[in-house]
Every structure is written in C-alpha cells, then in structure tokens.
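Subject: Structure handover

Hi,

Here is the structure I promised to pass on. Please load it first, then read the notes beneath it.

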Amino acid sequence: MNSSPPTPDAPEAAMTAHPPRSGLVVAVLAFGGIVVSLMQTLVVPLVPDLPELLHTSASDASWAITATLLAGAVATPVLGRLGDMYGKRRTLLLSLSMLVVGSVVCALSDTLAPMIVGRALQGFSAGVIPLGISIMRDELPAERLGSAMALMSSSLGVGGALGLPGAAALAEHADWHVLFWVSASLGTVVIALVLAVVPESPVRGGGRFDLVGAVGLSAGLLCLLLAISKGADWGWASGVTTGLFAAAVVVLLLWSRWELRVSGPLVDLRTTVRRQVLLTNLASIVIGFAMFGMSLVLPQLLQMPEATGYGLGQSMMAAGLCLGPSGLVMMAISPLSARITATWGPKTSLMLGAGVIAVGYGMGIFLMDAVWQIVVISCVIGAGIGLAYSAMPALIMSAVPVSETGAANGLNTLMRSIGTSTASAVVGVVLAHMTTAFGPVELPSLSGFRTAFAIGGGAALVALAVASLLPGRGPNRLTATSERPATPQPVAGR
C-alpha cells in the first residue's frame, strides 16, 4: 500500500497506527498459520489408501507428501525475501492463494500427477508463518510483540497436532476429496480476513530480486531433501542417493559463493553466520527433528494391535484425538514462553523448551502401557515444542535488521523443515529395521519404539547444548531492535 522508502520513524508509526486492531491482526495471522500447518498432516490418514485412491504404487504415492515438503522448503526463504522487498501482506496473500489453488487441484484429482501438482502448490503456502511473524514485528506495539510472535510460531505445531484428528474424522466419514475442499474453504476465509484486517507494512528492503540465488538455493535444497526423504526407498548407498547428496554439496557451495559476491543476495550469509543467528538455526534443525519424531512414533504405537503385547489397538481417529491435546498445550504455553522471554530472554525459553522435550521423550521410553500415558507424553513434548518454537523468532529478529526479517524468518523455518525431513528418514529407518513378526507381516518392535524415543530425546539434548552456547542478553533487546529503523538500500548495482 505504501511503497515509499521507510522513514526513520516508520516502524514506530506502524506499531501505533492500529493499536485497537492489533489483537485482530494477531488472531488472523495465527489462524492463518494454523491453517497452513494443517497441510502437514492433511493426507496422513490417507497414506495407507493413497496407492488405491490414485491408481499407483505405494512408492509413487509417497510423492503426494514429498512434493509438499520440497515446495515448502524452497518457498520459505524465497517468499520471505519477496516480502521484504515488495510487501509482506502482498506476499502473504500470494502464499494463501497458492494454498487455495492447490487444494482445489487436489480436490479435483483422481490420479497421481495432478495430486502432486496440487500438493506442491499447498507446500508453497509454508511462507505464511515467517511472513506473519515479520508483519507482527512491523505492525504491533512493542509490549504485545513477544506474546504475538510466540503464538504465531507455535501455530506450526498446533495446526499439525490438531489437524490429524480432524483429517482422520473426515477421512473415515466422508469422501477423501472433502479434505481438500475443506482446506480450500479455510484458505479462502483466511484470505478474506487478511484483506479486511491486516495492513501492509511500510518497511521495505528495496533492490532487485536475486533470481540466480533463488534458483541455486532451490536446486541445492531439492537435491538435499530428495536424498533425505527418498533415500530409504532408493537405498542409502545407491548411486541416485549419493549423487544427490554430492550434488547438494556442490550446488550449495557455489550458491554460497554467489551470495557472498552479489550486492543484493537472496540470503545475507554474513548475517546468518552471526553467532546468535547461526546457533538458533542449528537448534531449529534439531528441534524440528524432535517435533516430527513424536508425530511419527506415537500414532503408530497407538494403532499397533494389542496382540503384540505393547500396541494399544486404537483406531486412526482415536489415535488422532489422543494427540490433539498436545496442540492445545502448545497454544496455551505461548503466553508463558513470552513471559519467560521478556524476563530472562529467549535463550532461556529455548533451553527450557529443549529440556522439556528431552524429559517427554525420556518418559516415552518407560511409559507406553496405556493410552493416557501416551497423551501425557505428547502433552509434555508439546509444551517443550511450544516453548522452543516461541523463542526462535525473538532470537532471530533481535540479530537482523528490520528490512531482512522476512528472509531471516523464512530461513529459520527452512531449518525446521530440514529437521523434520531428517526425522522422517531416521525414524523411518529405525522402525523399518527393528521389527518383530506378527503373523505374515513385520511390525515395528518394542525396542524399535524405545530406540526412536531415545533418538528424539537425544536430539532435544543436542538442541539444549547448542542453545547453551547462545550469547546471553537482557530482556529488552528485541524491543530495541524492533524499533530500529530500516535503512533503504539503493536499487543501483543490485
């Protein structure tokens, strides 16, 4: 709406321009984050039936999940940079529009190819959460910023947890296409609310878009995440998998060299190697691993036949309902995380969250004999994820200029995605190789589940160790950084 370069007082003006509507802005952006994160678990109830529904093999049907992952990984840093340059609200609406279009394509699909296209379009909406956090920094009063960012960041976990029982209920009682019509409707509602409530930020970075950097980063990430997500199917030592890993290393090294030389990079690597940004992103990878590990292990344990001696024999819908409370805990914990961050700093919140996650996984090694125990474990891990996820944006944004918040938050979200992809590969390998015979089939063994819990707990402890290396700081630094004016960057030479 306002494309002129920001004045020194623009951020402060933005934060006071709509004080009565700040609560609505937070609610709309958080709702948008939850809707987007629903895409993570939307097709999980359909996974066993996808080959039959799409008339394809099980290996090919898995691309309906992989496509969303790959598209989201590419979209988050690119859309973050576009938001910094051309307007965060405008880019947010573009992301939501792709969610709606992708959902409609999936709803009209009965074969694999259009389903992959639709799921990839849904994946491009992953930029909504980092863009929403950046809008909050530009628009909200300083005293509301911490709790709002905590809620927005935790929406990534909330939507994933709450989406599973909802998707399972629809899958059991309605045609599977209804799942995508519902997601299209939710996306349309969010677009209407954003248009009505969320203002465009006057903070712009300016310059030209780094197309070469975007293509290079996309190619490197595609190679890396394809190798991670499909390595188990193709064989970890196969030529395709090792070739993709090697290509990822080469492409990302060349991309890094380009980003350091170009005057207007897609990602400012000099900023990302600052101690606080680098360590936060490393911790994000491991926390993302720990979060997704829970989503992979607990549903299988709940649905395992009771005759195994350790399975709990729950239906798909019941398993989803058992995990739903963890999403509510993530949402409820965000105000506490904001208070901890305001008092002791986000480093404390991140360390506390990692410690709570480790405790939850430790409980899982010994407590898996009853449904209520699984509910307690998921809630403890969910509380830790809520604390940790809420701290990450504060750590990132207190270390980067206002004009780069979209790209920086997008990169941080990407780090979480790499963690979830790695968790899917590692936990999948563990449960596939540590099995026990159950009639004519092989099922994950009790020791396999315990090993998966131990790996998740170990990942949380690694995150705790990384977070402990973060520089300590006073509670007011984010507020001061939030009010720092953006410096317009010249277009010439970009």
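Below is what was found, region by region.

One caveat first: this is a predicted model.

**Second largest pocket**

Start here if you care about cavities and grooves. The volume of the second largest pocket is about 400 Å³. Its lining comes to 18 residues. Nearest the centre of that pocket are L252, W255, L269, L411 and M415. Five elements each give two or more residues to the lining: α11 (211–234), α12 (239–261), α13 (269–272), α14 (275–303) and α18 (405–433).

What is the make-up of the lining by class? The second largest pocket has 15 nonpolar residues in its lining, along with three polar ones. Charged residues are absent from the lining.

**Two residues on elements that line the pocket**

T271 sits in helix α13, and α13 is one of the elements that give two or more residues to the pocket lining. Is T271 buried or exposed? T271 has a relative accessibility of 5%, so it counts as buried. Its C-alpha atom is 8.1 Å from that of A399. Along the chain, T271 and A399 are 128 residues apart.

L279 belongs to helix α14, which is also among the elements that give two or more residues to the lining. The relative accessible area of L279 is 12%, so this residue is buried. From the C-alpha of L279 to the C-alpha of L395 the separation is 9.7 Å. These two residues are 116 positions apart along the chain.

**Other buried positions**

V35 is in helix α2, which covers residues 22–41. V35 has a relative accessible area of 1% and is therefore buried, since the cut-off for buried is under 20%. Which residue is paired with V35 across 149 residues of chain? That partner is A184, and the two C-alpha atoms are separated by 9.9 Å.

Q373 lies in helix α17, residues 371–397. With 10% relative accessibility, Q373 counts as buried too. Q373 and M363 are 10 residues apart along the chain. Their C-alpha atoms are separated by 8.9 Å.

**The surface**

V44, V47 and I65 make up a nonpolar patch on the surface. Together they present about 200 Å² of accessible area. I65 is in helix α5, residues 63–86. How accessible is I65? Its relative accessible area is 37%, so I65 is partly exposed. That class lies between the buried limit, under 20%, and the exposed limit, over 50%.

**A backbone point to check**

H55 is not a glycine, yet it has a positive phi of about 55 degrees. Where is H55? H55 is in the loop between α3 (50–54) and α4 (58–61). The relative accessibility of H55 is 65%, so H55 counts as exposed.

That is the full set of notes for now.

Best wishes

How values were computed
Residues numbered from 1 in each chain as written. Predicted model: local features only at pLDDT ≥ 70, side-chain atom pairs only at ≥ 80, totals over all residues. Heavy atoms only, no water. Patch = residues over 30% accessible without salt bridge, like charges linked within 9 Å, V, L, I, M, F, W, Y side chains within 5 Å. Areas by Shrake-Rupley, 256 points an atom, 1.4 Å probe, with all protein chains shown as cover. Salt bridge = Lys/Arg side-chain N within 4 Å of Asp/Glu carboxyl O. Helix = DSSP H or I, 4+ residues; strand = E, 2+ residues; numbered from the N terminus. Buried < 20%, exposed > 50% of the residue type's maximum accessible area, 1.4 Å probe, protein only. 1 Å grid on protein atoms, 1.4 Å probe; cavity = no way out; pocket = protein on both sides within 12 Å on 5 of 7 lines; lining within 4 Å. Points joined across faces, edges and corners; volume = space filled by probe spheres on them. Nonpolar A, V, L, I, M, F, W, Y, C, P; charged D, E, K, R; others polar.
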